[in-house]
Amino acid sequence: MQFKCVNCGGNVVYDPKGRHMLCMSCNSVDTDEIVKQEDSYSCPSCGAGLKVNEFTSATRCEYCGSYNIIDEKITYPYGPDLVLPFRFTKEQATELLRKEFKDKLFCPGDFLSERTLEHLEGDYVPFWMYSYASHAVWDGIGTKVRSWQSGDTEYTETSKFQVYREIDIDFKRIPVDASIRMPDNIMDIMEPYEYQELEEFQAKYMSGFEAETFNQPPDQLEPRAKQKAEKDTRAWLQSSMTGYSTLTPTRQEILHHPTAREFAMMPVWRYVYRYHNTDYEYYINGQTGKVYGKQPRSTGRILFSGTALLAGLMLFMRVLQYFVEVF
């Protein structure tokens, strides 16, 4: 599937800045029509085979540059229920990267050059969203310790209390990424998104970006969602029992009853910079602009700066010595 312009036949993509469909050739707005062909793994524009893997659901033709959507991967049983459209364009994502690293010393000269930033790509990452009705009970003993001094004697009083807490929590759409290619810890760092902007899935949002369907089934990833729910539930319980010196449970129960499970696509800009045979990966939340990545360091620039600093210090010492001898 491909979105083409009814005016000029050019490839039409989703424009996050204008929040509309934009023709890459004539810049007309919302002039898109869907073009399909029998073999969805071939580009409708040039006929070339698309470079895809078993999970690819949207990709760019490496021959003509047109963006294509793989029909079989956006319909049942692989199709998403929800999508969170990109809010940041490639140009805006580039500026976010440059702002993040502009004050960092010793970055290689071409780290954020126009040429290398051509490799920055927008990806819709597959996520499973889990909802639960959770019930938690905490029963145990809490102590409060009071100390005071009278004369030369120090006294300590320990009071014991029966502590009981019972809470109900509704968790809505706990996200867990379902992409093997994307590191789980980094996708967790990309959170949170503004989930109230999730929309019912429409294929047009994928035009102009790379995307893949889920790599892992929901049952396999659900333990991660329950782990997140468990962590938050314990934190809420703990926050309701402040003021005690110690808390010793005699009973703890946390139950999570599933209420919904949805498949969603989340926007991420991804940049891979290769330096000295090492890949440095950078990620930008395509909706909030949150940036993650570690600074690459140029050995040459570090040595040059050290040499320049040493030369400056030696020059200063010679000037200082000259003034001491003269005066």
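Colleague: What joins strand 5 to strand 6 (residues 67-69), and how do you know that they pair?

Modeller: Three bridges join strand 5 to strand 6, and the two run antiparallel. DSSP must find at least two bridges for two strands to pair, so three bridges suffice. The model is predicted: local features need pLDDT of at least 70, side-chain atom pairs count only at pLDDT 80 or more, and totals for chains, interfaces and linings use all residues. Residues are numbered from 1 along each chain as its sequence is written, and side-chain values use heavy atoms, leaving out hydrogens and water.

Colleague: Which strand is joined to strand 5 by two bridges?

Modeller: Strand 11 (residues 210-212), also in antiparallel fashion. Two bridges meet the requirement, so this counts as a pair as well. Ala58 has Ala211 as its bridge partner in strand 11 and stands opposite Ile69 in strand 6. Six residues lie between the strands in the hairpin of strand 5 and strand 6, where Gly65 takes a positive phi near 85°.

Colleague: Why is strand 5 (residues 56-60) called mostly covered?

Modeller: Four of its five residues are buried, meaning under 20% relative accessible area with a 1.4 Å probe, protein chains only (exposed is over 50%, partly exposed in between). Over the protein chain of 327 residues, 43% are buried.

Colleague: Why is Ser40 called buried?

Modeller: Its relative accessible area is 6%, under the 20% limit, so the label applies. Ser40 lies in the loop between strand 4 (32-35) and strand 5. Leaving aside neighbours within four places in sequence, it is in contact (heavy atoms within 4.5 Å) with Leu50, Ile70, Asp71 and Glu72.

Colleague: What makes the approach of Ser40 to Glu72 a polar contact?

Modeller: The two side chains make it at 2.4 Å. The term needs a pair of N or O atoms within 3.5 Å, one able to donate a hydrogen and the other to accept it; residues adjacent in sequence count only if both atoms are side-chain atoms. The value is within that limit, so it qualifies.

Colleague: How do you know that Asp15 has no salt bridge?

Modeller: Lys17, the nearest side chain of opposite charge, is 7.6 Å away. A salt bridge needs a side-chain nitrogen of Lys or Arg within 4 Å of a carboxyl oxygen of Asp or Glu, so Lys17 does not qualify. Asp15 is nevertheless buried; it lies in strand 2 (residues 12-15). Not counting residues up to four places away in sequence, Asp15 touches His20, Leu22 and Thr89.

Definitions and conventions
Lys, Arg positive; Asp, Glu negative; His and termini not counted.
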